[in-house]
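This report looks at how two protein chains meet in a model and at how one of them is divided into domains. Please keep the structure in view while reading.

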Amino acid sequence: MRKYLLPLLFILFFILESLFVQTLPAEVFNSERILAPRFLMIVILFMTLYGHRDQGLVYGLVFGLLFDVVYTEIIGIYLFMFPLIAYIASKLMRILQSNIVVVSVISILCVVLLELGVYEMNYLINITNMDFSLFLNQRLFPTIVLNLAFIIIFAYPLKRIFEKYATSLRED
Amino acid sequence: MPQFFLNKRLILLLVSIIILVALIGFSLREREELTVPEQFLKDATGWIQNVVSRPQSYVTGIFENIKDLQNTYSENKELKSRLDGLAKLESDVQQLKKENNELREILDKKDSLSAYSPIQATVIGRNPDRWHELLIINKGKTNGIEQNMAVVSSNGFIIGKVKSTQQFTSTIQLLTAMDPTNRISAEIQGTDSYFGTIEGYDVERELLELKRIPYDAKIEKDQTVVTSGLGGIFPKGLPIGKVVDTEPDEFGLNQTAYVKPGANFYDIQNVMVVKRDMMQPDLSDMVDDEEEEL
């Protein structure tokens, strides 16, 4: 039973992103700003850094593919970005100490990296023609604030869950 | 130098970039239908989303009800003032409908471009990265939904078209998405009606761009824009929005009108997929005919 809990958690956050965008009333925030939830990315990062690194990368790969197929219909972008960013983060953590504050800062940096990467790719294949300054003001800063709030709320519970998972892996 | 190429990670990165480009290329081309594994994945997640979205819509429904209660009084006042005119309007509509039917019978013209049958659907998901502006609804091929059908919001304004269908779910592309194939043939209503196509969305001003209007067309503010039904798939007369202003295009041969969409693209719970009743001619037939004419 416990084996299935982790995939279920990921599926939950996968669905939560879409639910969040759907229920978020546009008037609450100024509707000119675009808030993009990157909860799944953050959970994958915590899995990679606190749980099992290779499994984290595999989760990144699988859910990146799922994200592409279900939400964007352009396969490749998230399939590539999720594992790559998780890998970069795991390399960074070799140098830094794994303190929860440091991990949170790294997660925010990774969200910025993901936003930039996805923006550049979408710009390249003509999905968007938004220029860079507009992208910064309209998308990136609101997105950072939203995901920072998510990290502040969920960082500690996520850390606990994945650390428990890591110890259970070691015991087996 | 050979050591450089023996680096395992570098080779892995290069191979994955090649795969990335190939996959993006594969999914960007014009696709009639998604591949079977994709359809299966979308249906499977659609099932989960369906389960989750029911309590979610219930809870948001409660909050919306409370919000509605707050301004009931002022709304009621305004509605009462409009009610007087309504009775006359209703009888007028009734009479016109009857007359229209009679005239149609005289002309022996049965099918019209504006006839359609609606399919009700609930939104169960939305693209979270906000680049593509896609919605997922809980009706699919089994309910008779086909690619490129028009999608209308609950207040009757057009919001987009069906991008792809699976067995039990389908994906809608909103008008706000930047996609060169996302075009709608539209008509500006007035004493003289003008035709153009809706292509593109101005993100900064939040207005739709209605292009290819003749340069001598006199368009006023607040004229209504509806679908013209000439595009082949959308029925005639679905409202799109109102004209805000016009400006000549870059070469001065045409005009571009900016249209304020009547639908809200952010708060969408229920939609209606519109199936045109009139038969759509087969593309292959049209091509053959053209050759004969030439």
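Across the interface of chain A and chain B in this predicted model, the rule finds two salt bridges. One salt bridge joins the side chains of A:Glu73 and B:Lys42, with 2.5 Å from N to O. Beside these charged pairs, 14 residue pairs are in polar contact across the interface of chain A and chain B, counting pairs in which both residues have pLDDT 80 or more.

On the side of chain A that touches chain B, five helices, listed below, each supply at least two residues.

| Helix of chain A | Residue range |
|---|---|
| H1 | 2–23 |
| H3 | 53–72 |
| H4 | 77–95 |
| H5 | 100–124 |
| H6 | 132–171 |

H1(A) gives the largest share of this side, namely nine residues. Sorted by class, the side of chain A that touches chain B holds 31 nonpolar, 11 polar and seven charged residues.

How many residues does each chain bring to the contact? Chain A contributes 49 residues, and chain B contributes 43 residues. The size of an interface is often expressed as the accessible area that is lost when the parts come together. Between chain A and chain B the buried area is about 4200 Å², and carbon and sulfur atoms give 64% of that area. Within chain A, the residues that lose the most area to chain B are A:Gln22, A:Glu73 and A:Ile75, which together account for 19% of what that side buries.

Turning to chain B, the domain assignment gives domain 1 (81–110), domain 2 (116–174) and domain 3 (184–265). The C-alpha centres of domain 1 and domain 3 of chain B lie 27 Å apart.

Conventions
Residues numbered from 1 in each chain as written. Chains lettered and ligands numbered in written order. Predicted model: local features only at pLDDT ≥ 70, side-chain atom pairs only at ≥ 80, totals over all residues. Heavy atoms only, no water. Contact = heavy atoms within 4.5 Å. Buried area = accessible area lost by both parts, 1.4 Å probe. Salt bridge = Lys/Arg side-chain N within 4 Å of Asp/Glu carboxyl O. Polar contact = N/O pair within 3.5 Å; in protein donor to acceptor, adjacent residues only side chain to side chain. Helix = DSSP H or I, 4+ residues; strand = E, 2+ residues; numbered from the N terminus. Nonpolar A, V, L, I, M, F, W, Y, C, P; charged D, E, K, R; others polar. Domains from an automatic or database assignment.
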